[in-house]
Every structure is written in C-alpha cells, then in structure tokens.
Amino acid sequence: FERGLLTGRHVLINAGPTREAIDPVRYLSNHSSGKMGFALAEAAVEAGARVTLVTGPVNLPTPPRVDRVDVVSAADMLAACDAALPADLFIASAAVADYRPASCAPGKLKKDTGSDAGMTLALVRNPDILATLASHNQRPGFCVGFAAETDEVLDYASDKLTRKNLDLIIANDVSQPGIGFNADDNAVTLIDRSLTQQPLPRASKHKLARQIIAVIAARLNTPA
Ligand code: C5P
C-alpha cells in the first residue's frame, strides 16, 4: 500500500446508519456498523489525504488524524456533507434511511395513538445524499457509492452508477453469510463508468479499504 497516493487531497466519507425520530424516545434506523466507512477513512489518511468523516451513531473509535463529524438524521448528514465541500473525492458508505416519519411527535406517543388492530406511521422520502452531492455545483471530482444488494447485484449496481451520476460503485452481496452489513469481512465488485468490473475477493474490511483507496487514487491521478 503506497503512502502519499492522496497527498493534498480532501476526502469526504460518510458512514454508519441514520436515525429518523418518531418521537422524543423512538426512531427508525438500521444495522449498519460503520466499519467499512471507518476503514476507508483510515486508509485514506494513510494514503496522505485530509479526511472528513461524517458519521451516524456508531460504536467505533475515530481513526487517527480523521476529522469526525457526528450526525443523527439523514437531513443532518446531508447538511454536514454539504458543509464539508469542496472535496476531491466523496465516498458514500452510509446506510441512509430512505424514509423518515412525516413529523416527529413533540411528546412521547401513547399506546392509544393506535388501537388493538395496530397503528400506521406516515413516512416521507429522505433526500439521496450521494445523488445530491454528485449533481452539486461543487460536485466532488470523483464520487463513489456502495450498492448492498441481495439479488442481481451487478445489474442493480450498474443501474445506480448511471442514475446517481457516479464515477465508481462498490457492489456487495449482502445475502452471503459472514460478509457485508455489520461483519468484519466483505467481498465486493468495483464497477466503473465503462461498466468494467473488478472483483475484490473476501478479505477484512481493513484490507479491502486499502485496496479500494489504491484503485480510486490511481483513477484520481490519471483521469480517463
Ligand atoms: O439506492 P441505494 O440506497 O441502494 O444506494 C446506495 C448508495 O446511495 C450508498 O452509497 C448510500 O450511501 C447512498 N444513499 C444516499 N442517500 C440515501 C440513500 C442512499 O446517499 N437517501
């Protein structure tokens, strides 16, 4: 792993889940651990970059020399990412909630808000942080997304690359046991704009992060 590959570059990474408040004591969220994003932040620092890591609530120590910004909701995460621009590279590894409650109740919801038959929670769509930054007037020069899929992984990933205007998408099959969400290992396929696929076989997220940063740095340093 070459140090200095990203010297002088500002790298923005988001990580972890978001939490969408239902009322003062409840929220909607997911099982993202933030491990892949934190490993990428660490690898980017080792490659010489200045790194801003915008993270949802996770239980991970901040890697040395990383500027960490803690956020809770998708709206907060978008605002923090926006505030961190300009950046040369944006890696969106966060598991952003696609929807949030239409409103956050001012007081704790009581059981009789619903009935024995159940209750309905109205949700509204959250902004897509990656798509927003990738079409921003201060668009980072290189935008990378993750696609965690359970089926037709590469098809869905290529589709996302085009739809969100990305330079690279990192696809992983989250239906395979022992890798992906919350695991220490991962196995991914990198897909670029010419739809060339580069599989990176199962390894620790730490090792994969270094491989991914090396591939991205090579692209940044020799634009197509
Ligand atoms: O469409 P999908 O959620 O599978 O796309 C995943 C990619 O998009 C990830 O890189 C994720 O960080 C990003 N994303 C986002 N904002 C959302 C949803 C997903 O930035 N609201």
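1. Strands here are DSSP runs of E at least two residues long, numbered from the N terminus. Keep in mind that this is a predicted model. With that settled, F146 can be placed in strand β9.

2. Let's stay with F146 for a moment. A residue needs 20 or more other C-beta atoms within 10 Å to be called buried; F146 has 23, so it counts as buried. Setting aside residues up to four places away in sequence, F146 touches A92, S93 and I170.

3. Strand β9 (142-149) also matters for reading the ligand's surroundings: together with α3 (129-134), it is one of the elements that each supply at least two residues of the shell. The largest share, three residues, comes from β9. In total 13 residues surround the ligand, and the closest are A92, V96, I129, L130 and G145. By type, the shell has eight nonpolar, two polar and three charged residues.

4. UniProt, in an unreviewed entry, lists D98, K108, P127, D128, I129, L130, F146, K160 and K164 under "binding site". These positions cover 67 residues of sequence and are spread in space too, up to 37.9 Å between C-alpha atoms.

5. Take K108 from that list. K108 sits in the loop between β7 (99-101) and β8 (123-125). The cut-off for exposed is 12 or fewer neighbours, and K108 has 11 other C-beta atoms within 10 Å, so it is exposed. Beyond its neighbours within four places in sequence, K108 is in contact with D23, P24 and V25.

6. Last, helix α5. Its buried residues are K205, L208, A209, R210, I212, I213, I216 and A217. Among the elements covering them are α1 (35-46), β6 (89-92) and β9.

Conventions
Residues are numbered from 1 along each chain as its sequence is written. This is a predicted model: local features need pLDDT of at least 70, side-chain atom pairs count only at pLDDT 80 or more; totals for chains, interfaces and linings use all residues. A residue is near a molecule or strand if its C-beta atom, placed from the backbone, lies within 6 Å of it. Helices (H or I, at least four residues) and strands (E, at least two) are DSSP runs, numbered from the N terminus. Ala, Val, Leu, Ile, Met, Phe, Trp, Tyr, Cys and Pro count as nonpolar, Asp, Glu, Lys and Arg as charged, and the others, Gly among them, as polar. Two residues are in contact if their C-beta atoms, placed from the backbone, lie within 7 Å. UniProt positions are given in the numbering used here, feature names are shortened, and annotations may be inferred rather than shown by experiment.
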